[in-house]
Amino acid sequence: MRVEVTISKLTQLPPGAADALACELTRRIDQHYPDLSNQVTVRYASANNLSVFGGAKEDKERVSEILQETWESADDWFNAS
């Protein structure tokens, strides 16, 4: 399954945040879909968006929930130093 998260260029994130988000999101998705070869990309674009390729509609909904949980818990896993 391929997951692409785009973050609006207008969103101010600390340096390294996009890469850290990609790593943490990959780790969490792999826990739920261990039998799949999961690829997660996080990049800046004109708008926020989530795309899930190679999964069912239910998979996109679950990945969306995982993304939300990951984003909300950034204080626990992101270290900007």
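**Exercise 1. Ser8 and its surroundings**

Leaving aside its neighbours within four places in sequence, which residues is Ser8 in contact with? Work out the place of Ser8 too, and say whether Ser8 is buried or exposed.

*Solution.* A word on the model before we start: this is a predicted model, in which local features need pLDDT of at least 70, side-chain atom pairs count only at pLDDT 80 or more, and totals for chains, interfaces and linings use all residues. Residues are numbered from 1 along each chain as its sequence is written, and side-chain values use heavy atoms, with hydrogens and water left out.

Step 1. Find the element. Ser8 belongs to strand E1, residues 2-8; helices (H or I, at least four residues) and strands (E, at least two) are DSSP runs, numbered from the N terminus.

Step 2. List the contacts, where contact means heavy atoms within 4.5 Å. Beyond the neighbours within four places in sequence, Ser8 meets Tyr44, Ala45, Ser46, Ala47 and Asn48.

Step 3. Check the accessibility. Ser8 counts as buried because its relative accessible area is 10%; buried means under 20%, exposed over 50%, and partly exposed in between, with a 1.4 Å probe and protein chains only. The rest of the strand fits in here: 6 of the 7 residues of E1 are buried.

**Exercise 2. The partners of E1**

Find the strands that pair with E1, and give the sense of each pairing.

*Solution.* Step 1. Recall the rule: two strands pair if DSSP finds at least two bridges between them.

Step 2. Take E2 (residues 39-45). E1 and E2 run parallel and are joined by 7 bridges. Ser8 stands opposite Ala45, and Val5 stands opposite Val42.

Step 3. Take E3 (residues 49-53). Here E1 pairs in the antiparallel sense, over 5 bridges. Glu4 has Ser51 as its bridge partner in E3.

Step 4. Add the helix. Together with helix H1 (residues 17-32), E1 and E2 make a right-handed β-α-β unit. A crossover is right-handed if, with the strands pointing away from the viewer, the path from the first strand over the helix to the second runs clockwise.

**Exercise 3. The core and Val63**

Which residues touch the most other members of the largest nonpolar core? Then place Val63 within the model.

*Solution.* Step 1. Define the set: a nonpolar core consists of buried Ala, Val, Leu, Ile, Met, Phe, Trp, Tyr and Cys residues joined through side-chain atoms within 4.5 Å.

Step 2. Name the residues. The largest nonpolar core has 17 residues, and Val3, Val5, Ile29, Val42 and Val63 touch the most other members. Two or more residues come from each of E1, H1, E2, E3 and helix H2 (57-72), and H1 gives the most, with 5 residues.

Step 3. Look at Val63, which is found in helix H2. Val63 counts as buried because its relative accessibility is 0%. Apart from neighbours within four places in sequence, Val63 is in contact with Met1, Val3, Ile29, Tyr33, Leu50 and Val52.

Step 4. Try another residue of H2, Thr70. Thr70 is also at 0% relative accessibility, and therefore counts as buried. Not counting residues up to four places away in sequence, Thr70 touches Leu21, Glu24, Leu25, Arg28 and Trp77.

**Exercise 4. Rings and Phe78**

Which residues form an aromatic pair? Also say which residue lies over the face of Phe53.

*Solution.* Step 1. Apply the cut-offs. Rings of Phe, Tyr and Trp (its six-membered ring) pair if their centres lie within 6.5 Å; planes under 30 degrees apart count as stacked, over 60 as edge-to-face and the rest as tilted.

Step 2. The count by this rule is 1 aromatic pair. Trp77 and Phe78 make an edge-to-face pair, at 6.2 Å centre to centre with 75° between the planes.

Step 3. Place Phe78: this residue is found in the segment after helix H3 (74-77). Phe78 counts as partly exposed because its relative accessibility is 21%. Not counting residues up to four places away in sequence, Phe78 touches Pro14, Pro15, Gly16, Ala17 and Ala20. Phe78 and Glu24 are 54 residues apart in sequence and 8.8 Å apart in space, C-alpha to C-alpha.

Step 4. Turn to Phe53. Arg2 lies over the face of this ring, at 4.2 Å from the ring centre; a charge sits over a ring if NZ of Lys or CZ of Arg is within 6 Å of the ring centre and within 35 degrees of the ring normal.
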